[in-house]
Amino acid sequence: MIEQAHKRHSGEDAAHATAPPPPGGHRDPQRNFRFFDNRQKYLLFVNTCSEKWVVASRVALELANVHPRPPAFRMFDAGVGDGTVLLRVLRAMHDRFPHTPFYVVGKEISLEDVRLALQKMSDRFFEHPATVLVLTNLAYADAPWLAVKSLAAASSLVWHEVPLAGDSAYRFEQQITELTGFLSQNWKAGVSPKTGNPAYERPVVLVLYREDHKFLLDPIIPRPGGTMANYDLVIASQPYRARASLDFKAKRVIAPLAKAIGHGGRLIGIHSHGHDPGLEIIQKVWPGDNPFIHDRNAILKAVKQELASSGRDLNFNAYSDARSLFRYEMHTLPSEISDASIGTSTLFAAWNAAIYVAQVEDDRLGEVVADGRYLAATRDVLRQHGGLWFLDESYVISRRKH
């Protein structure tokens, strides 16, 4: 189900119009199947690997370089996923800016992920009451401004404002849970017959804030018709498919987000780097395969060319490997990996993590799973390295202060 897509996106979704699922018949699995739409594989990965935690810690480092201006700290998450990264970043924001109003916009097309993310937010409204949280399924070119360029899509826009009553996390959680029916009815998606990418059936903007802080938050509560972007921080963690074209990544994803950076603001981009034991497993099974075809330098160069004169007040920071690259691991107990034996469940979890990060489609998995050589490859790599770990790389685009 496309409603079950998550944060490691295949690319742009529903840039303009509603798109129903394509008709039956033969499909190109590379075009129409996104490995990371599979909830079981996704949930196994995020619960056995530390990527979400480590990404949030890397994003939090950028807060030292952010200097928000009244009336609020403005933050945009370009792919909320299950909300783990957003939750941890919001905690870090509160720690550094405890008395600053927060205006937070998160883009996510997946119904299931919106549910999971909202379940984590009740405590945020309790600890940091001056928070406006907006979730939307709009395209990258539209979401930062909460405005749909297409007249056809704009006419079907669902704008839902929820003032949360009470002053306890329990009360907030109850009211957020009551949104399940609204989400099920409106947060639907299909597949674009034109691009093969996820596409919303109707555009939705969901606005939440505490009712007892409405007077204070009035200047930053968005209204239908669009709002300014000018974000102090933009998070673009795994916002595109690794094997997507460089033109797509630059033109359809990062360039629109860069335009949304405010004066003195920063965009941090994060994607898989390869050159790690996870890729070794993939290449033992599929020699020479490398999905990580565009590094941060190539992406920043393409974005700079795409923005041209409109990006003249932006700084493009690739940084050194020592600063850019960071590592996350698959959680294992010390006794799980030994020369004597490695448990089948550990091997399955490691294999799942490797093919998840490499975004291997199911049509390629049938043959190797049938003959069992994938388990031998996984076992060899785990023993060689004493575990499994992956590398992500990060880059920053910042706008000069005026």
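## Packing, cavities and backbone features of a predicted chain

Of the 402 residues in the chain, 58% are buried, where buried means under 20% relative accessible area, exposed means over 50% and partly exposed lies in between, with a 1.4 Å probe and protein chains only. The model is predicted, so that local features need pLDDT of at least 70 and side-chain atom pairs count only at pLDDT 80 or more, whereas totals for chains, interfaces and linings use all residues. Residues are numbered from 1 along each chain as its sequence is written, and side-chain values use heavy atoms, with hydrogens and water left out.

The chain holds 17 helices and 12 strands, which are DSSP runs numbered from the N terminus (helices are H or I with at least four residues, strands are E with at least two). Among the contacts in the chain with a separation of 6 or more, 86% are between residues 24 or more positions apart, a contact being heavy atoms within 4.5 Å.

### Helix packing around H15

Helix H15 (residues 344-357) packs against helix H12 (residues 277-285) and also against helix H17 (residues 373-385), as the table sets out. Axes here are lines fitted to C-alpha atoms, for helices over the stretch in contact, and angles run from 0 to 180 degrees between N-to-C directions.

| Helix pair | Angle | Axis separation |
|---|---|---|
| H12 and H15 | about 90° | 9 Å |
| H15 and H17 | about 90° | 9 Å |

H12 and H15 are therefore roughly perpendicular to each other, and H15 is likewise roughly perpendicular to H17; angles of 65 to 115 degrees count as roughly perpendicular, those under 35 degrees as roughly parallel, those over 145 as roughly antiparallel and the rest as oblique.

On the H12 side, Gly 278, Ile 281, Ile 282 and Val 285 meet Trp 351, Ala 354 and Ile 355 of H15. By class, this contact of H12 with H15 has 6 nonpolar, 1 polar and no charged residues, where Ala, Val, Leu, Ile, Met, Phe, Trp, Tyr, Cys and Pro count as nonpolar, Asp, Glu, Lys and Arg as charged, and the others, Gly among them, as polar. Towards H17, the residues of H15 in contact are Thr 346, Leu 347, Phe 348, Ala 350 and Trp 351, and they meet Tyr 374, Leu 375, Thr 378, Arg 379 and Leu 382. The contact of H15 with H17 has 7 nonpolar, 2 polar and 1 charged residues. Trp 351 thus appears in the contact with H12 and in the contact with H17.

H15 also takes part in covering helix H2 (residues 39-48), whose buried residues have a cover that includes helix H3 (51-61), helix H5 (111-119), strand E11 (325-329) and H15. In H2 itself, Arg 39, Lys 41, Tyr 42, Phe 45, Val 46 and Thr 48 are buried.

### Buried residues and contacts distant in sequence

Arg 124 is found in helix H6 (residues 122-127) and counts as buried at 9% relative accessibility. Leaving aside neighbours within four places in sequence, Arg 124 is in contact with Leu 87, Leu 90, Arg 91, His 94 and Thr 131. The C-alpha atoms of Arg 124 and Arg 91 are separated by 7.6 Å, although the two residues are 33 apart along the chain.

Gly 81, in the loop between strand E1 (73-77) and helix H4 (84-96), is buried at 0% relative accessibility. From Gly 81 to Gly 106 the C-alpha to C-alpha distance is 9.3 Å, with 25 residues of separation in sequence.

### Backbone geometry and a cavity

Most residues other than glycine have a negative phi, and most peptide bonds are trans. The peptide bond from Pro 70 to Pro 71 is nevertheless cis, with omega near 10°, and Pro 71 lies in the loop between H3 and E1. Positive phi values are found for Gln 238, near 50°, and for His 275, near 55°. His 275, in the loop between strand E9 (261-272) and H12, is exposed with a relative accessible area of 59%, whereas Gln 238, in the loop between strand E8 (231-237) and helix H11 (246-259), is buried with a relative accessible area of 5%.

Gln 238 is also one of the residues that line the second largest cavity, including Tyr 240, Lys 249, His 271 and Gln 359. A cavity is a set of points, on a 1 Å grid over the protein atoms alone, where a 1.4 Å probe fits but cannot get out, and lining residues have an atom within 4 Å of a point. The second largest cavity holds about 80 Å³ of space, a volume being the space filled by probe spheres set on the points, with grid points joined across faces, edges and corners. Its lining has 5 nonpolar, 5 polar and 1 charged residues.

Conventions: 1 Å grid on protein atoms, 1.4 Å probe; cavity = no way out; pocket = protein on both sides within 12 Å on 5 of 7 lines; lining within 4 Å.
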